[in-house]
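Here are a few exercises to work through with the model open in your viewer. Try each task before you read its solution.

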Amino acid sequence: GGDAFVFKLPADIGVQAVVDGGKIADGRFSALGGSDPAPEEQLARRMQLNYFLDQGLLELRPDGLHIHYEKYPETVGNLLREVLAIQRAGDKPASDRFIEKYTRWEEAVHGVLAARMRAQQKYRYTLVRYSALGE
């Protein structure tokens, strides 16, 4: 959209991220999901969500989830910096700690968000018919 912009993350990680109405890095803000992702994608989404909650980018309030857009550049930069440092070092124990910390499920947070998201879904699946195939 017209409100898209690119911001440079810290030079020491050598990455750029794109923000477009809540979409980050790879072209989408996947922390809040949608569709039926594979199990590894579900964990990646939960890790991203938990990191963003811990860093204050996302905030769960009684009236819903709030996004503090001004925190995107710093938070995404920090996440990428942490992940790339662990990968670069090949540090399996640090990787295990990171995964353990950010894959946690807290019913009071994640359960509430999941219930709210399900309640807002109008349709879960789409049936597509292709007239060119005679359907």
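## Exercise 1: The tail end

Once neighbours within four places in sequence are set aside, E135 is in contact with V128, R129 and Y130. This is a predicted model, so keep that in mind throughout.

Task: work out where E135 sits in the chain and whether E135 is buried or exposed.

Solution. Start with the location: E135 belongs to the segment after α4. Next, take the relative accessible area of E135, which is 53%. The cut-off for exposed is over 50%, so E135 counts as exposed.

## Exercise 2: Two more residues to classify

Task: place H68 and V112 among the secondary structure elements, then decide how accessible each one is.

Solution. Take H68 to begin with. H68 lies in the loop that runs between β4 (64-67) and α2 (72-89). Its relative accessible area is 18%, and buried means under 20%, so H68 is buried. Beyond its neighbours within four places in sequence, H68 is in contact with G56, L57, E59 and R61.

Now V112. This residue is part of helix α4 (residues 107-120). With a relative accessibility of 31%, V112 is partly exposed. For a long-range check, go from V112 to L60: the two are 52 residues apart in sequence, yet their C-alpha atoms are 9.4 Å apart in space.

## Exercise 3: The overall layout

Task: write down the order of helices and strands along the chain, and find what share of the residues is buried.

Solution. Count the elements: the chain has 4 helices and 4 strands. Reading along the sequence gives β-β-α-β-β-α-α-α. For burial, 29% of the 135 residues count as buried. If you go on to contacts between residues at least 6 apart in sequence, 47% of them join residues at least 24 apart.

## Exercise 4: The nonpolar core

Task: find which residues have the most contacts inside the largest nonpolar core, and which helix gives the most to this core.

Solution. The largest nonpolar core holds 16 residues, and Y51, F52 and F98 have the most contacts inside it. At least two residues of this core come from each of α1 (39-55), α2, α3 (92-102) and α4. The top contributor is α1, with 5 residues.

Zoom in on F98 next. Not counting residues up to four places away in sequence, F98 touches M47, Y51, L79, E82, V83 and I86.

## Exercise 5: The two sides of α3

Task: why do the buried residues of α3 lie on the same side of the helix?

Solution. List the buried residues of α3: A94, F98 and Y102. They span an arc of only 50 degrees around the axis, so they sit on the same side of α3. Turn to the other side of α3 and you find K92, R97 and E100, which are exposed. The buried residues of α3 pack against α1 and α2.

Don't skip the start of the helix: D91 caps the N-terminal end of α3, with a side-chain oxygen 3.0 Å from the backbone nitrogen of A94.

## Exercise 6: How α2 meets α3

Task: describe the packing of α2 and α3 by their axes, then by the residues that meet.

Solution. Two packed helices are described by the angle and the distance between their axes. Here the axes of α2 and α3 come within 9 Å and cross at roughly 145 degrees. On the residue level, L79, E82, V83 and I86 of α2 meet A94, S95 and F98 of α3. Sort that contact by class and you get 5 nonpolar, 1 polar and 1 charged residues.

Note on methods:
Residues numbered from 1 in each chain as written. Predicted model: local features only at pLDDT ≥ 70, side-chain atom pairs only at ≥ 80, totals over all residues. Heavy atoms only, no water. Buried < 20%, exposed > 50% of the residue type's maximum accessible area, 1.4 Å probe, protein only. Contact = heavy atoms within 4.5 Å. Core = buried A, V, L, I, M, F, W, Y, C linked by side-chain atoms within 4.5 Å. Arc of directions from axis to C-beta. Polar contact = N/O pair within 3.5 Å; in protein donor to acceptor, adjacent residues only side chain to side chain. Axes fitted to C-alpha atoms, helices over the stretch in contact; angles between N-to-C directions. Nonpolar A, V, L, I, M, F, W, Y, C, P; charged D, E, K, R; others polar.
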